[in-house]
Amino acid sequence: MAPPAGKYYLGVFPGSEDGMGADVTLKDVRVYQRAVGKPVAWVYFWNNWYENPHFPYQTASWIRANGSVPYIRMMLLSDPEIPLPDPVYSLQNIVAGKFDALLRGWMQDARKFGSPVIAEYGVEVNGSWFPWNGTYNREGGSYSDSVGRFRDAYRHIIRIAREEGAYNIRWVFHVDPWDKPVADWNQFEHYYPGDEWIDWVGASVYGRQIPSDPDAVSFRYQMDWVYGRMRRMTDKPFIVCEFGNIDDANQTTWTEAALADLTSDRWPQLIGFSWWNTKFENDPVTGGVSNMQVQRNPHLQALFRKYVGRNKVVLSHPITRAVM
């Protein structure tokens, strides 16, 4: 269920020790909530199929007990190294029904879970860093054929959810603002499964993510770009699935501008946003640590308390209805 006009849901990815996003903890969620001064409507985490191809009932349950909604990033991967292409969970294999038994079990358990769930498949599909991108699924055809296989694969997953009665799932189409590779066939609009399948659309919008990154592009510039393209494609509600900037000299400046715009009704279809509240080492150039944790920077924490914790347009209660 979308919030009232001019109101926003607050979400978070609370951090991951192994970097693959499934090992989120209630402790880290509570640390974030204390830092920003408000509970979260959803908790974002990964369901990695190389370790657990089933509905993540345990994690979803403690998130619900916290008063939040589980937001599950379905990661159909055969290896934590993110193979490109994936030799098992290719788009063609999904469309061909090779994982239907697993998918039906997943959706049956989601239905039994009962309360609202947010889920997505094909995160940042227009980026070449994930194996569901059109670069890796041509199967002897064209890049356009590969993009069409993604649409078919996502529709296949959602069709199974509907057949199993898992109508408590809110499905998200999640892109990056920038198409990579930069090619007409790889524009994210071509991957969209269609309004009859997708409930919300969203994007990742980052400043600097690792120490070797160049100067950050402003949040507003990127949002205006991706939001405008989305609006020309669909009128579905929009969420910022992920945003953040590492702890550098410009972190507070970048973030304050982002939070001010996010809570200003600049983007009328926007209904929520979630910060990437984690620390990780993934810079191939410097080997440095990337830290986006609000609780580690008193200036950043003060900004979140101003624009989120004490701001009435950011809802102080999570989604609570049984069906959204």
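Asp247 sits in the loop between β7 (238-244) and α7, and in this predicted model its relative accessibility of 44% makes it partly exposed. Setting aside residues up to four places away in sequence, Asp247 touches Asn291 and Asn297. Gln209 is 38 residues away from Asp247 along the chain, yet the two C-alpha atoms are separated by 9.3 Å. Here's a quick tour of the rest, by topic.

**The chain as a whole**

- If you're counting secondary structure, you'll find eight helices and ten strands in the chain.
- The radius of gyration is 19 Å, which agrees with the value near 20 Å for a compact globule of 324 residues.
- Taken along the principal axes, the box filled by the C-alpha atoms is roughly 50 × 45 × 40 Å.
- Of the 324 residues, 57% count as buried.
- Take the contacts between residues at least 6 apart in sequence: 78% of them join residues at least 24 apart.

**Surface and charge**

- The accessible surface adds up to about 13100 Å², and carbon and sulfur atoms account for 49% of that.
- On the charge side, there are 33 positive and 36 negative side chains.
- The centres of those two sets of charges lie 8 Å apart.

**Aromatic rings**

- Rings are a good thing to look for here, with a count of 33 aromatic pairs.
- One of them is Tyr32 with Phe304, an edge-to-face pair with 6.4 Å from centre to centre and 75 degrees between the planes.
- Tyr32 belongs to helix α1 (residues 26-36) and Phe304 to helix α8 (residues 298-309), so this pair ties together parts that are 272 residues apart in sequence.
- Tyr32 is buried, with a relative accessible area of 0%, and Phe304 also counts as buried at 0% relative accessibility.
- Another edge-to-face pair is Trp49 with Tyr89, where the centres are 5.6 Å apart and the planes make an angle of 90 degrees.
- That pair links distant parts of the chain, 40 residues apart: Trp49 is in the loop between β2 (42-48) and α2 (57-65), while Tyr89 is in the loop between β3 (69-75) and α3 (91-95).
- Both Trp49 and Tyr89 are buried.
- There's also a cluster linked by ring pairs, and its members are Tyr8, Tyr32, Phe219, Phe243, Trp254, Trp267, Phe273, Trp275 and Phe304.

**Cis peptide bonds**

- Leu84 and Pro85 are joined by a cis peptide bond with omega at about 0 degrees.
- To find Pro85, go to the loop between β3 and α3.
- Lys180 and Pro181 are joined by a cis peptide bond too, this one with omega at about 5 degrees.
- Pro181 is in the loop between β5 (169-175) and β6 (200-206).

**Positive phi without glycine**

- Ile82 isn't a glycine, but its phi is positive, at about 55 degrees.
- You'll find Ile82 in the loop between β3 and α3.
- With a relative accessibility of 19%, Ile82 counts as buried, because the cut-off for that label is under 20%.
- Asp265 is another residue other than glycine with a positive phi, this time near 70 degrees.
- The spot to check for Asp265 is the loop between α7 (251-262) and β8 (270-276).
- Asp265 is partly exposed, and its relative accessible area is 43%.

**A stop at Asp145**

- Asp145 is part of helix α5 (residues 143-163).
- Its relative accessibility is 40%, so Asp145 counts as partly exposed.
- From Asp145 to Lys98 it's 47 residues in sequence and 20 Å in space, C-alpha to C-alpha.

Notes
Residues numbered from 1 in each chain as written. Predicted model: local features only at pLDDT ≥ 70, side-chain atom pairs only at ≥ 80, totals over all residues. Heavy atoms only, no water. Helix = DSSP H or I, 4+ residues; strand = E, 2+ residues; numbered from the N terminus. Rg over C-alpha atoms; globule rule 2.2 N^0.38 Å. Buried < 20%, exposed > 50% of the residue type's maximum accessible area, 1.4 Å probe, protein only. Contact = heavy atoms within 4.5 Å. Areas by Shrake-Rupley, 256 points an atom, 1.4 Å probe, with all protein chains shown as cover. Lys, Arg positive; Asp, Glu negative; His and termini not counted. Charge placed at Lys NZ, Arg CZ, Asp CG, Glu CD. Phe/Tyr/Trp six-rings, centres within 6.5 Å; stacked < 30°, edge-to-face > 60°.
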